[in-house]
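Okay, thanks everyone, I'll keep this short. Let me put the model up and then walk you through a few parts of it.

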Amino acid sequence: MSTVDEILTTGRYTDRRGREWAKHNYYHGTVEWMHPLGDGTCHINTPTQMRLLIERDMHRDVCEGLYRCSNHPTPKVLAYAGLFTVTKARRLVEAPYDTLPEAMDAARALAVRS
């Protein structure tokens, strides 16, 4: 199986749902990954979003589940003693938050930038 970087370099990827993605480079420097939706429009991912999609697809084969997996690529929000923490691969990656919406926003931001 190829690595994520090798897949990104090829410029083509078929995800676990069978959707075909293609990389498009624009003359002004923007890079996007597109998947046609069939109605003349396209779903567009940034390279960072595409990297995360590929990592998640590859991880599904070895994953023991969100809470038992020691290297899960998706962040989790955990509640404990009235505080909410964001963890990734069983490591605390964000300071505790007072409210669930704050913690969820931090987890979403971490998922996109990871």
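**Pocket, sheet and one odd loop residue**

So, starting with the largest pocket: by class, its lining comes out as 6 nonpolar, 4 polar and 7 charged residues. Bear in mind that this is a predicted model. The volume of that pocket is about 280 Å³. It has 17 lining residues, and the closest to the centre are Gln-49, Leu-52, Leu-53, Arg-56 and Asp-57. Which elements give two or more residues to the lining? That would be α2 and α3, the latter covering 100–113. Helix α2 gives the most, with 6 residues.

Now, the sheet. We've got 4 strands in an open sheet, ordered β1-β2-β3-β4, with antiparallel pairing. β1 (12–14) and β4 (42–45) are at the edges with a single partner strand each, so one side of each has no neighbour in the sheet. From one strand to the next, the twist averages 30 degrees. Looking at β3, residues 31–36, it pairs with β4 over 4 bridges, in the antiparallel sense. Within that, Pro-36 sits opposite Cys-42 of β4. And here's α2 again, residues 47–59: this helix packs on the sheet and touches β1, β2, β3 and β4, with its direction at about 95 degrees to that of β4.

Last thing, the loop between β5 (76–80) and β6 (83–88), which is where you'll find Ala-81. What's the phi there? It's positive, about 55 degrees, although Ala-81 isn't a glycine. Buried or exposed? Ala-81 has 70% relative accessibility, so it counts as exposed, the cut-off being over 50%.

Conventions. Residues numbered from 1 in each chain as written. Predicted model: local features only at pLDDT ≥ 70, side-chain atom pairs only at ≥ 80, totals over all residues. Heavy atoms only, no water. Pairing = 2+ DSSP bridges. Axes fitted to C-alpha atoms, helices over the stretch in contact; angles between N-to-C directions. Contact = heavy atoms within 4.5 Å. Buried < 20%, exposed > 50% of the residue type's maximum accessible area, 1.4 Å probe, protein only. 1 Å grid on protein atoms, 1.4 Å probe; cavity = no way out; pocket = protein on both sides within 12 Å on 5 of 7 lines; lining within 4 Å. Points joined across faces, edges and corners; volume = space filled by probe spheres on them. Nonpolar A, V, L, I, M, F, W, Y, C, P; charged D, E, K, R; others polar.
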